[in-house]
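Here are a few notes to read alongside the model. Have a look at it first, then come back to the points below.

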Amino acid sequence: VVIIGVPGKRMQRRGKVEVYLVGWHGRLYGKRLEVQIRKKLRPVLAFRTRAGLLRQIKHDIRQTVRLAS
């Protein structure tokens, strides 16, 4: 799952890219990683609550696993 953010309250001025590797439990912060984006799941959304954000993240992960199968 790749999140490509746009500048906002919590984003850096130039934006940010975060990659979540389903099933990975190691540490890759600061490492170079090549990523292929195969499909856009949804547009960037704003969430009113942390619970809403967490529900969406779980949905995104389930959808990603289905697409990768």
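**Notes on a predicted model**

1. Let's start with burial. Out of the 69 residues in the protein, 10% are buried. Keep in mind that this is a predicted model, so treat what follows as a description of that prediction.

2. Next, the surface as a whole. The protein exposes about 6,900 Å², and 53% of that comes from carbon and sulfur atoms.

3. The parts list is brief: 1 helix and 2 strands. Reading from the N terminus, you meet them in the order β-β-α. As for contacts with a separation of 6 or more, 30% of them join residues 24 or more positions apart.

4. Now for helix H1, which takes in residues 50-68. Does its length add up, or what should it span? With 19 residues at 1.5 Å a residue, H1 should span 27 Å, and because its end C-alpha atoms are 27 Å apart, the two figures agree.

5. Which residues of H1 are buried? They are Gly52, Gln56, Asp60, Gln63 and Thr64. These residues cover an arc of only 105 degrees around the axis, so they sit on the same side of H1.

6. Turn H1 around and you get the other face. Pointing away from the buried side are Arg50, Arg55, Lys58 and Arg66, which are exposed.

7. Arginine 42 is worth a stop on the way to the helix. You'll find arginine 42 in the loop between E2 and H1. Is arginine 42 buried, exposed or partly exposed? Its relative accessibility is 25%, and buried means under 20% while exposed means over 50%, so arginine 42 counts as partly exposed.

8. What does arginine 42 touch? Leaving aside residues up to four places away in sequence, arginine 42 touches Phe47, Gln56 and Asp60. Two of these names, Gln56 and Asp60, are also on the buried list for H1. Arginine 42 and aspartate 60 are 18 residues apart in sequence, with their C-alpha atoms 8.8 Å apart in space.

9. Finally, look for a nonpolar patch on the surface. The patch is formed by Ile4, Val17, Val19, Leu21, Trp24, Leu28, Leu33, Val35 and Ile37, and together these residues have about 780 Å² of accessible area.

10. One member of that patch is Leu28. Leucine 28 belongs to the loop between strand E2 (16-19) and H1. With a relative accessible area of 32%, leucine 28 is partly exposed.

Note on methods:
Residues are numbered from 1 along each chain as its sequence is written. This is a predicted model: local features need pLDDT of at least 70, side-chain atom pairs count only at pLDDT 80 or more; totals for chains, interfaces and linings use all residues. Side-chain values use heavy atoms; hydrogens and water are left out. Helices (H or I, at least four residues) and strands (E, at least two) are DSSP runs, numbered from the N terminus. The expected span of a helix is 1.5 Å times one less than its number of residues. Buried means under 20% relative accessible area, exposed over 50%, partly exposed in between (1.4 Å probe, protein chains only). The arc is that of the directions from the helix axis to the C-beta atoms. Contact means heavy atoms within 4.5 Å. Accessible areas come from the Shrake-Rupley method with a 1.4 Å probe; for residues, only the protein chains shown count as cover. Patches are made of residues with over 30% relative accessible area and no salt bridge: like charges are joined within 9 Å, nonpolar side chains (Val, Leu, Ile, Met, Phe, Trp, Tyr) within 5 Å. A salt bridge is a side-chain nitrogen of Lys or Arg within 4 Å of a carboxyl oxygen of Asp or Glu.
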